[in-house]
Amino acid sequence: MAKFVIQGPQRLSGQIAVSGAKNAALIAIPAALLARGATTLKRVPKINDVGVMLDIIKKLGARVEIRDSEVSIDPATLNSHSLSRELSGKVRASVLLIGPLLLRFGEASIGHPGGCAIGRRPIDQFLEGFKALGVEIEDNGEEYRFIAKRLKSASYFFPFVSVTATQSLMMTATRVPGVTILKNAASEPEVAALADYLNRCGARISGAGTSTIKIEGVEALQGSEYAMIPDRLETGMFAILAAATRSPITITQCNPEHIESLLTILRRMGARFKQGSDSIAILQAKEDYRSPGKVITHEYPGFPTDLQPPLTVLLTQARGLTLVHETIFEGRLFYVDLLNRMGANIILCDPHRALVQGPTPLRGKRIESPDIRAGIAMVIAALAAQGETVIDNIYQIERGYENIEERLRGLGAKIEKVN
Ligand code: EPU
C-alpha cells in the first residue's frame with residue numbers, strides 16, 4: 001500500500017492553486033442525471049471519491065466522458081436503478097443517487113452508504129425527507145428500496161442541519177409538482193452552487209444558501225454546464241499549512257469569503273495574511289501564535305468540522321490552552337492520539353471535546369491516515385515536525401486532495417509517495 005514519506009521541519013514558499021470542490025463535484029455527478037440532455041462538469045478534481053462516483057453512474061448505464069478536469073455526463077442511457085451493497089458501501093455520496101433514480105425510474109434501491117470513519121453516519125434525514133415527498137421506503141436490513149408512485153410537494157423541517165440531505169431533497173423536489181419548502185436547510189456554499197446549476201437547467205429554486213429553500217417543481221430539466229466552485233476546505237487547509245510551517249504562501253483561485261470563520265481564528269492567533277478577491281497571501285509570522293481560547297465546529301458560515309483536524313495541528317504550536325469542541329461528528333477527534341505520539345499535549349475529554357496545550361515541538365513518527373481530513377492534518381504535522389514521518393493508508397488522503405504530494409513539492413516540501 002502506498003505511503004507518504006515526509007521530512008520536516010520545512011519552510012515552504014510560493015503559490016498554490018486550489019482545485020474545484022470535492023463536495024461540489026460529489027453532488028454534481030448525481031445532479032447531472034436529473035436532466036434530459038448531457039451536462040458538462042468543469043474544474044472537477046481528480047480524486048478517488050469522484051472516480052468512485054463516476055464508476056457507479058457508469059455501472060448504472062450513464063455515458064461518462066472524462067477530458068482532463070472536464071467530465072461530460074449523459075443520462076439518456078441509464079438502465080438500472082439498483083446500487084449493489086458493494087457499490088454504495090464505497091462512498092457516502094452514493095445516497096445522493098436516490099433522488100435522480102427515483103425521478104427516472106419511479107424506484108431505486110441502495111445498500112447502506114459507506115464513507116469516512118468519523119462517527120455514525122445515519123441516513124434517517126434522507127428517509128424522513130423522502131417520505132414527506134410521498135416516497136414509500138422498504139428496509140430489509142440489507143438494502144433500502146424506494147418507491148415513488150406519486151410524488152407530492154411538501155413543507156419539510158429538517159430536525160437538524162444536514163448538507164447532503166438538504167441537497168438531496170432540493171434536487172429531487174425540482175421535478176415534483178407544486179411548491180416544496182425546506183426549512184432549517186444547510187446553507188453551505190455547495191448547496192447554493194448546486195441550486196445555481198439546477199436553475200440553469202430550468203429548475204425554479206430560491207433561497208439556497210439560506211436556511212429556507214423554496215422549490216417550484218418543473219416538468220423537465222435540460223443539461224447545462226457546471227464549473228465547480230473552489231474547494232474551501234482545501235483553501236483553508238493550505239492557509240493552516242502555511243501558518244503551521246511559518247511559510248509565506250499565496251493561495252490562488254480560491255474564494256476567501258468561504259473561509260471567513262477560519263481567517264477570523266487565524267487573525268486572533270496572530271497569523272498575518274493579505275486577502276484578495278480570489279487569493280490569500282499568508283505572510284511570514286512575526287510573533288508566536290496565541291491560543292484562540294475555544295474552537296467550536298459549526299454549520300456554515302461557522303467553523304467547518306472538516307478544517308478541525310488541520311487547525312488542531314496549528315493549535316499545538318500556539319501558546320496557551322485551547323478547547324476544541326467538535327459538534328458535528330462524534331468520531332472526528334480520535335486522531336489526536338496520533339498527534340500526541342508526535343509530541344503534542346492533547347487531552348481527549350470525551351468524543352466531542354479536546355484540550356490542546358501548546359506550544360509543543362512535534363517529532364516525526366510512523367502513523368496511519370485515519371480519514372481524509374485527519375490524514376491531511378498528519379501531512380501538515382509532518383511538515384512542521386522534526387525528522388521523518390511515514391504516513392500509511394494514504395488512499396484516505398487521496399480521496400479528497402488531487403495530486404497532493406506533487407503540489408506540495410512545488411512549494412518546496414520534502415514529500416515522496418512510496419508504493
Ligand atoms: N446526520 C444524521 N442523519 C442523516 C444525515 C446526517 O444523523 O440522515 C448527522 C451526521 O451524522 C452528522 C450531522 O448530521 O452528525 C451533519 O452531517 P451532514 O449530513 O451535514 O454531513 P454530510 O452531508 O454527510 C457533508 C460533507 C462532509 C462534511 C459534512 C459537514 C459531502 C459529500 N460531505 O457530509 O464532508 O463533513 O457535510 O459539513 O458534502 C469531507 O469532505 O471530508 C466530509 C466528510
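# Notebook: ligand, pockets and backbone

I began with the ligand, and I found that a polar side-chain atom of Asp124 lies 2.7 Å from a nitrogen atom of the ligand. I should write down at once that this is a predicted model, and that the values in these entries are computed.

**Entry 1, the ligand.** Next I looked up the oxygen atoms of the ligand. An N or O atom in the side chain of Arg373 is 2.6 Å from an oxygen atom of the ligand, and for the side chain of Arg92 I noted a distance of 3.3 Å between an N or O atom and a ligand oxygen. I then asked myself which residues come nearest to the ligand. There are 23 residues around the ligand, and those that come nearest are Asp124, Ser162, Thr164, Ile328 and Arg373. Asp124 and Arg373 are therefore in my notes twice, as residues that come nearest and as side chains with a polar atom at 2.7 Å and 2.6 Å from the ligand, respectively.

**Entry 2, the largest pocket.** I turned to open spaces, and I wrote down a volume of about 1000 Å³ for the largest pocket. Its lining has 43 residues, and the closest to the pocket centre are Arg121, Val163, Thr164, Ile328 and Phe329. Four elements give two or more residues to this lining, namely α1 (22-31), α5 (124-132), α6 (163-173) and α12 (372-384). Which of the elements gives the most to the lining? I found that α1 does, with 4 residues. By class, I recorded 19 nonpolar, 9 polar and 15 charged residues in the lining of the largest pocket. I also checked the domains, and at least three lining residues come from each of domain 1 (3-19 + 230-418) and domain 2 (22-227).

**Entry 3, the second largest pocket.** The volume that I noted for the second largest pocket is about 260 Å³. Of its 17 lining residues, Ala244, Arg246, Gln317, Pro361 and Ala384 are the closest to its centre. Both α8 (232-244) and α12 supply at least two residues of this lining, and I had already met α12 in the lining of the largest pocket. The classes here come to 10 nonpolar, 4 polar and 3 charged residues.

**Entry 4, the cavity.** Rolling a probe the size of a water molecule over the atoms shows where empty space is left. When I looked through the whole structure for cavities of 30 Å³ or more, there was 1, and the volume of the largest cavity is about 30 Å³. Its lining is made of Ser19, Gly20, Lys22, Pro45, Ile47, Asp231, Glu234, Gly400, Tyr401 and Glu402, which I sorted into 3 nonpolar, 3 polar and 4 charged residues. Why does the cavity lie between domain 1 and domain 2? Domain 1 (3-19 + 230-418) and domain 2 (22-227) both give residues to the lining, so the cavity is placed between them.

**Entry 5, helix α10 and Thr180.** I wanted to know how many of the 8 residues of helix α10 (residues 308-315) are buried. The count is 8 of the 8, so α10 is largely enclosed by the rest of the structure. Gln308, Pro309, Pro310, Leu311, Thr312, Val313, Leu314 and Leu315 are the buried residues. I then looked at Thr180, which lies in strand β10 (residues 179-183). The relative accessibility of Thr180 is 1%, so Thr180 counts as buried, the limit being under 20%. A polar atom of the Thr180 side chain lies 3.4 Å from the backbone nitrogen of Ala154.

**Entry 6, unusual backbone angles.** Most residues other than glycine have a negative phi, and most peptide bonds are trans. With that in mind, I looked up the exceptions. The peptide bond from Tyr300 to Pro301 is cis, with omega near 10 degrees, and Pro301 sits in the loop between β18 (294-296) and α10. The peptide bond from Gly358 to Pro359 is also cis, with omega near 0 degrees, and the place of Pro359 is in the loop between β21 (353-358) and β22 (366-368).

For positive phi, I noted Asn184, a residue other than glycine with phi near 55 degrees, in the loop between β10 and α7 (189-200). Arg246 is not a glycine either, yet its phi is positive at about 50 degrees, and Arg246 is found in the loop between α8 and β14 (249-252). Are these residues buried or partly exposed? At 24% relative accessibility, Asn184 counts as partly exposed, and Arg246 is partly exposed with a relative accessible area of 24%.

Terms used:
Residues numbered from 1 in each chain as written. Predicted model: local features only at pLDDT ≥ 70, side-chain atom pairs only at ≥ 80, totals over all residues. Heavy atoms only, no water. 1 Å grid on protein atoms, 1.4 Å probe; cavity = no way out; pocket = protein on both sides within 12 Å on 5 of 7 lines; lining within 4 Å. Points joined across faces, edges and corners; volume = space filled by probe spheres on them. Nonpolar A, V, L, I, M, F, W, Y, C, P; charged D, E, K, R; others polar. Domains from an automatic or database assignment. Buried < 20%, exposed > 50% of the residue type's maximum accessible area, 1.4 Å probe, protein only. Near = heavy atom within 4 Å. Polar contact = N/O pair within 3.5 Å; in protein donor to acceptor, adjacent residues only side chain to side chain.
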